[in-house]
Amino acid sequence: VIGIDFGSAWMKVALVQLKVPLEIVPNTISKRKTEIVVSFDRGERMYGSDAFGLLSRKPNFGFAHFRELLGRDDKHPLTSRLAEHMYGVVAAMNSTRGGMDMPYTGDKNVEAFSAEELTAMVFRYARDIVKDFGGQAVRDAVITVPAFATMHERRALVTAAEIAGLKVLSLIEDNTAAALQYGKDNVEEKKTVLYYNLGASATQVSIVQYSNYTVKELGKSKEVGSFEVLAKQWDATLGGEQFDLKVMNYLADEFKSKFGTELRAKAKPMAKLRAQATKTKEVLSANTEMHVKVNSLHDDKDLALVLTRTQFEGLCQDLFKRLTPPIDRALAQAKLTVADLDAVEMLGGGQRIPEIQKRLGDYFGSGQPLGVHLNADEAMALGAAFEAANISTAFKVRKTGMTDFSPFPITVGLASLPSTETGGVLGGLFGGGKKKTEAEIDEAANWKKTATVFKAWSKLDSKKVLAFHHDQDIKLDVSYAEQPAQGEESMLPPGTRVKLSSFNVTGVEKFAKGMGAKNLTVCGNDQNPKPKVTLHFKLDSSGMVVLTKAEATCDKPEEPKADGEEADGAKGSDKEGEEEKKDEAEAKEGDQEEKKEEEEKEGGEKEGEEDSKEGEEEEKKEEETAEEKKKRKEEEKKKKKEEKKAAELKKKAEKLAKKKASEVYKSELAVSEDLTLDETKASSPAAVAESQAKLNYLQALDDARFAKMEAKNGLEGFLYDVKGKLDDEAEALEQVSTEAQRAVLLEAAQAALDWLDDEGFDQEAAVYKTKQTDVMDLSAPLFFRLEENSARPAAVKMATKRLKDIRLLVAKWEESMPQVTEEERGEVLALVAKAEAWLDEKVALQAEVPGHEAPKFTANEVSAQLKPTANLVTKLSRKPKPKPKPVELNATDTAANATDTAANATDTAA
């Protein structure tokens with residue numbers, strides 16, 4: 001599995017393999033991070049440093065900062081701010097697809113790329129470098145997102161991963177991933193850490209509290225670390241690139257003041273200035289001044305000047321003032337002060353500017369140093385990879401608890417879908433035979449409900465249930481709350497589309513009709529005669545809301561009570577109140593889950609108090625007499641027995657109650673998402689398939705280009721090898737070829753090289769292979785004869801010696817290996833004679849053939865001729881000797897042996 005830190009400017013990939021520590025995957029040029037840029041040059045698709053370098057030379061064929069376009073439209077303020085970067089390609093809204101596109105003019109079959117498609121290209125590149133590094137393809141991944149990423153952006157990122165062939169196990173926020181990387185090796189009693197992440201495009205601040213808890217594992221207690229995000233705040237437009245833009249605009253102004261030319265409308269010079277600005281910022285982080293020089297910036301005019309660190313800091317004063325407000329808001333949200341923090345950890349590359357370090361150091365004070373315990377660039381990727389290993393069932397890793405929240409409230413709007421039946425039919429079926437009035441029909445058609453299913457700051461991976469009574473199919477809209485709850489500040493980023501998704505929940509009307517057919521005039525109670533519809537929602541670990549299940553239920557009618565039995569009414573006949581309470585309880589199910597952890601903590605405290613009480617009781621027990629102790633133990637035993645019996649009775653009663661509660665008619669409802677909305681159409685299966693086809697087309701072009709390059713390079717290398725051999729082996733070649741043969745080959749090789757530099761510069765792979773075959777038909781026989789001219793005599797010499805040695809060996813076998821029969825030895829000698837005769841014949845024939853003609857036999861044929869003889873010799877040399885027969889003693893020998901034994905015994909005794 002892998003973790004991908006997918007930022008706005010850089011991507012880092014971490015890999016988890018069995019029995020291998022977490023490690024960062026280097027790219028094709030051995031860099032540990034890759035620029036998120038895709039560029040095209042004459043059909044060649046490039047990534048990383050190559051693509052970034054081309055961006056300044058061919059800005060109209062390079063794509064960058066497309067993460068900011070994911071899940072957003074042209075009205076979003078962050079997409080409009082991209083114009084400040086002065087990139088050559090300007091994104092535009094594609095209303096057909098429902099997302100932002102970047103136009104491409106390099107291929108007549110491709111008009112534009114969507115942000116999801118460009119992101120998918122980068123993810124495919126990530127898969128390729130992981131395969132090259134780890135040796136096998138990887139499909140499962142956890143990907144980072146900024147804290148302010150809405151569901152639109154998260155869904156677009158998951159769609160991009162799907163297009164690339166990745167399965168997203170979960171999304172994880174940047175700072176949360178870093179907190180996980182920090183916490184997996186730090187089991188603290190209690191520690192509060194603030195993470196300050198100044199990345200390329202945004203600043204994010206998170207306050208995290210670490211703690212631990214004890215679990216039983218294989219009968220032993222084990223401390224497990226956990227952490228909870230207490231607060232998160234951000235500035236989505238304050239990143240390292242904003243400092244680059246300050247320098248870029250300063251350089252553009254300097255050029256204009258010197259030469260009178262405005263460069264901001266010219267893509268190529270602005271691309272050069274942007275690259276120079278980044279370099280200047282990095283140099284000034286370590287030096288007090290820098291000599292800036294950009295050759296041929298525009299119209300063959302150079303820009304040369306000196307920029308000091310003081311000047312740079314003066315340009316960025318407004319940005320420096322925005323460094324601490326996100327910290328203020330995060331501390332206020334967590335209800336903490338700087339003094340309550342145990343540590344501050346710095347993340348992101350932007351925070352390396354000295355003035356930023358100074359201002360943050362002054363803010364936190366000398367008592368709270370800026371921590372650098374984590375790798376500021378790689379912590380997020382490593383944390384994401386660790387989370388992927390936790391989720392995957394293929395790995396067993398150290399447990400680390402994690403609690404995170406979604407800052408945005410989610411609401412659902414419910415309305416009736418148009419009835420599939422004629423007016424009044426449901427009233428006749430389900431209302432005791434009464435037809436619905438026009439007012440009732442209008443009321444049903446105009447039925448609407450709105451509810452907040454997840455409040456702001458709801459826990460991720462939590463569930464909620466919404467229950468209500470209705471008898472028509474439902475249209476369900478999931479949206480962000482347009483207005484925050486009373487006392488809450490809206491965290492929704494400006495420009496966010498409020499509507500998230502829309503679903504049709506069908507089967508309610510059919511279920512209601514079925515209940516009518518069963519003559520159920522009441523479903524639930526007299527006040528709520530309609531079926532109860534229950535909708536199950538989940539706020540998953542990726543921060544996205546999912547409708548997991550929908551069902552309709554109707555209580556079965558109770559059987560009539562016999563005379564004398566207590567009526568239900570005597571026990572409390574207010575079914576309406578009970579039903580309403582039941583609905584409320586189900587709707588609050590998710591809220592109860594949120595309180596579960598607090599209850600568990602309280603339970604832990606109670607257990608501690610109980611342990612303390614038990615200790616006091618033990619002291620008293622020691623003072624008791626043996627008789628009192630025995631009596632007390634008997635009473636305790638009796639009490640436990642009674643408690644056990646009561647528990648069993650209670651369990652049986654609960655089981656009976658559950659059985660009674662399960663006596664309902666139930667139907668699972670069909671849920672279909674509306675994928676025609678602007679908010680969701682880019683994630684539809686059809687859109688994904690179309691994007692995958694486009695990327696597969698590009699991949700086929702890449703494969704053809706690689707095959708062409710390989711064939712062309714192979715041909716060029718082969719031709720130079722032929723010319724080199726003709727020159728280096730000239731003397732030896734004279735023995736196996738005529739001057740005419742060598743001249744023809746040399747001329748063909750030179751002609752092919754000339755062709756490569758001319759019309760053969762850009763041909764298909766098959767053409768290069770054909771050209772190589774044509775020259776090879778001339779060179780192969782000549783070079784083969786050259787090789788055989790030395791290899792064949794050596795093979796003949798070796799074979800002659802080997803056959804002679806076999807004859808000597810067979811002669812020795814007559815005495816040394818009697819198990820080899822005379823017939824077998826004769827068979828070996830016959831094969832030797834046959835091989836010798838073959839060799840003599842071939843050598844004689846070869847002596848009559850000129851060197852420039854094909855040989856009568858080859859070195860390989862000599863080896864093949866010896867093989868039968870060698871195999872037989874090997875087989876016979878392993879033939880085992882026969883076992884000696886045991887010697888049988890007769891009666892006289894046995895008696896003599898017995899006398900000798902007795903005599904030896906007498907001598908020993910003496």
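**Exercise 1.** Is Asp 299 buried or exposed?

Solution. The model is predicted: local features need pLDDT of at least 70, side-chain atom pairs count only at pLDDT 80 or more, and totals for chains, interfaces and linings use all residues. Residues are numbered from 1 along each chain as its sequence is written, and side-chain values use heavy atoms, without hydrogens and water.

- Step 1. Take the cut-offs: buried is under 20% relative accessible area, exposed over 50%, and partly exposed in between (1.4 Å probe, protein chains only).
- Step 2. Asp 299 has a relative accessible area of 54%, so Asp 299 is exposed.
- Step 3. Asp 299 sits in the loop between strand 16 and strand 17 (301–308); strands (E, at least two residues) and helices (H or I, at least four) are DSSP runs numbered from the N terminus.
- Step 4. The phi of Asp 299 is near 55°, a positive value in a residue other than glycine.

**Exercise 2.** Assign Ser 296 and His 469 to their elements and exposure classes.

Solution.

- Step 1. Ser 296 belongs to strand 16 (residues 289–298), and its phi is near 50°, positive although the residue is not glycine.
- Step 2. With a relative accessible area of 35%, Ser 296 is partly exposed.
- Step 3. His 469 belongs to strand 25 (residues 462–469). Its relative accessibility is 12%, so His 469 counts as buried.
- Step 4. A polar atom of the His 469 side chain lies 2.8 Å from the backbone oxygen of Lys 530.

**Exercise 3.** Describe the largest cavity and the second largest cavity.

Solution.

- Step 1. On a 1 Å grid over the protein atoms alone, a cavity is a set of points where a 1.4 Å probe fits but cannot get out; lining residues have an atom within 4 Å of a point. Points are joined across faces, edges and corners, and volume is the space filled by probe spheres set on them.
- Step 2. The whole structure has three cavities of 30 Å³ or more.
- Step 3. The largest holds about 300 Å³. Its lining has 22 residues, and Arg 67, Glu 68, Arg 72, Leu 78 and Ser 201 are the closest to its centre.
- Step 4. The second largest holds about 100 Å³. Its 14 lining residues include Gly 71, Gly 98, Glu 116, Glu 679 and Ala 682, the closest to its centre. Helix 4 gives the most to this lining, with three residues.

**Exercise 4.** State the confidence of the chain.

Solution.

- Step 1. pLDDT is the predictor's confidence in each residue, from 0 to 100.
- Step 2. The chain mean is 85, and 84% of residues reach 70 or more.

Notes:
1 Å grid on protein atoms, 1.4 Å probe; cavity = no way out; pocket = protein on both sides within 12 Å on 5 of 7 lines; lining within 4 Å. Polar contact = N/O pair within 3.5 Å; in protein donor to acceptor, adjacent residues only side chain to side chain.
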